[in-house]
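Biologist: I should like to go through this structure with you, one question at a time. Please give the reasoning before each result.

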Amino acid sequence: MQFSQIIEQHDLINSLIRIYDNRRVSHAQLFFGEESSKCFALALAYAQFLNCTNKKRFNPQDNKLIIADSCGECPSCKKFSILSHPDLNFVFPNTTTKKIESKNSSELLLNEFREFVLKKNGLIRLNDWYDFLDVGNKQGTINVRDSNNIIKRLSVKSYEAQYKIMIVWCVDKLHYEAAPKLLKILEEPYDDTIFLLITDDRENILPTILSRTQLVKVPKIKQEIEQENKYLILFVQWLRCCFFYKTKIGEVVSIIEKDIVKLGREEQKQFLEFALDVFQNSFAIKMGLNKNYYLLENCDEKFKNNFPSFITENNIEKIYKELDKAILHIERNGNAKMIFLDLSIQLGFLLMIK
Ligand SMILES: [Zn+2]
């Protein structure tokens, strides 16, 4: 992955390049933003850049927004692009699967992870990863075996690259038993090893890890903010009708026909993923796990204050299931009108079970 493949973020990319140029690359960096998918792609492009043996530099007349990039062609870049470089290591949340029934670890799922990242062009989300592994509702962690493997992998000298890279995706999923070993290695790093830790949930990261890493905040880009505002308006309008589907079914149908169907499949999926995030965020607020209303921030106060109270431990799981099912059916080219009508009724019904 090259910097040029990442949408916008050129200010951040340029600051990472300048840090490299000034030889101030920190051995442990925490990339965080509201969506870890973008942080992951950025970390991957950064890792490729650090090890590229023929970095490209751009002049103002090149009309590029970035000042440098990896070449994409040297042996190192070629291996990075298919994620097969021996000095590129990954650790990520994992669980038992049909194939790996016990002693699961990132190492045992590495082939699956590479395939998943390549399929998604580096833009990976945790729910999609679990779907890819087909593990149902099981949630993964970064476990003690992962911590041991990190030490094992890093204690050998780098094979061929300047930097040995350890990308830890969703470091907020680090199991508490696995934390001490990771902390120790962050405290006493090996030479030429760079940890790129990634999270979209900085609040759930151990303070001891935060204090040992350089923070790299990945901001939202304009296009995403516009898209989110569009989805938020539609979400509030749609949900308000879902609540009263018994008397307002005509309005539900009208929103689906006028506003949702015309989005097209890809955006319908994005809208449903956005809805899933809103439900997750609202449930976390309701349970006191999070105080940040970041997704509902721009909607009217009444909705913002009331909505979380309808989401409880009695309905949240079923709501996730319904949304996941709808996403799957949209992906499989089901009839959008029918999928959203069914979903609206299910959500309306579930939100009444407090
Ligand atoms: Zn290169």
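Biologist: Leaving aside its neighbours within four places in sequence, with which residues is Phe-116 in contact?
Modeller: This is a predicted model, in which local features need pLDDT of at least 70 and side-chain atom pairs count only at pLDDT 80 or more, whereas totals for chains, interfaces and linings use all residues. Residues are numbered from 1 along each chain as its sequence is written. Contact requires that the C-beta atoms of two residues, placed from the backbone, lie within 7 Å. With neighbours within four places in sequence set aside, the partners of Phe-116 are Ile-124, Trp-129 and Phe-132.

Biologist: In which helix is the place of Phe-116, and is the residue buried or exposed?
Modeller: Helices (H or I, at least four residues) and strands (E, at least two) are DSSP runs numbered from the N terminus, and Phe-116 falls in helix α4. A residue is buried if 20 or more other C-beta atoms, placed from the backbone, lie within 10 Å of its own, exposed if 12 or fewer do, and partly exposed in between. Phe-116 has 17 other C-beta atoms within 10 Å, so its class is partly exposed.

Biologist: Which residues does Phe-113 touch, not counting those up to four places away in sequence?
Modeller: Phe-113 also lies in helix α4, which covers residues 110-119. It counts as buried because 21 C-beta neighbours lie inside 10 Å. Although 23 residues separate it from Phe-90 in sequence, the two are 8.7 Å apart from C-alpha to C-alpha. Beyond four places in sequence, Phe-113 touches Phe-90 and Phe-92.

Biologist: Which residue of β5 stands opposite Phe-90?
Modeller: Both faces of β4 are covered, with Leu-88 and Phe-90 buried on one side and Asn-89 and Val-91 buried on the other. Strands pair if DSSP finds at least two bridges between them; β4 and β5 (residues 164-169) pair in the parallel sense over 4 bridges. Opposite Phe-90 in β5 stands Ile-167.

Biologist: In what order do the strands of the open sheet run?
Modeller: The edge strands are β4 (88-91) and β7 (214-217), each of which pairs on one side only. The pairing is parallel, and the 5 strands form an open sheet in the order β4-β5-β6-β1-β7.

Biologist: What is the bridge partner of Phe-31 in β6?
Modeller: Strand β1 covers residues 28-32 and strand β6 residues 193-199. These two strands pair in the parallel sense over 5 bridges. Within β6, the bridge partner of Phe-31 is Ile-198.

Biologist: Is Cys-170 buried or exposed?
Modeller: Cys-170 is placed in the loop between β5 and α7. It is not a glycine, yet it has a positive phi of about 60°. Because 25 C-beta neighbours lie inside 10 Å, Cys-170 counts as buried.

Biologist: In which loop is Asp-192 found?
Modeller: Asp-192 is not a glycine either, and it has a positive phi of about 55°. With 15 other C-beta atoms within 10 Å, it is partly exposed. Asp-192 is found in the loop between α7 and β6.

Biologist: Are α6 and α7 roughly parallel or roughly antiparallel to each other?
Modeller: Axes are lines fitted to C-alpha atoms, for helices over the stretch in contact, and angles run from 0 to 180 degrees between N-to-C directions. The axes of α6 (residues 144-154) and α7 (residues 179-187) come within 8 Å and cross at roughly 30°. Angles under 35 degrees count as roughly parallel, over 145 as roughly antiparallel, 65 to 115 as roughly perpendicular and the rest as oblique. The relation of α6 and α7 is therefore roughly parallel.

Biologist: Which residues of α7 do those of α6 meet?
Modeller: The α6 side comprises Ser-147, Asn-148, Ile-150, Ile-151 and Leu-154. On the α7 side they meet Lys-181, Leu-182 and Ile-185.

Biologist: Are α9 and α10 roughly parallel or roughly antiparallel?
Modeller: Helix α9 (residues 222-243) and helix α10 (residues 245-260) have axes 7 Å apart and pack at an angle of about 150°. Their relation is therefore roughly antiparallel.

Biologist: How far apart do the C-alpha centres of domain 1 and domain 2 lie?
Modeller: Domain bounds come from an automatic or database domain assignment. For the protein chain this assignment gives domain 1 (3-217) and domain 2 (222-352). The distance between their C-alpha centres is 31 Å.
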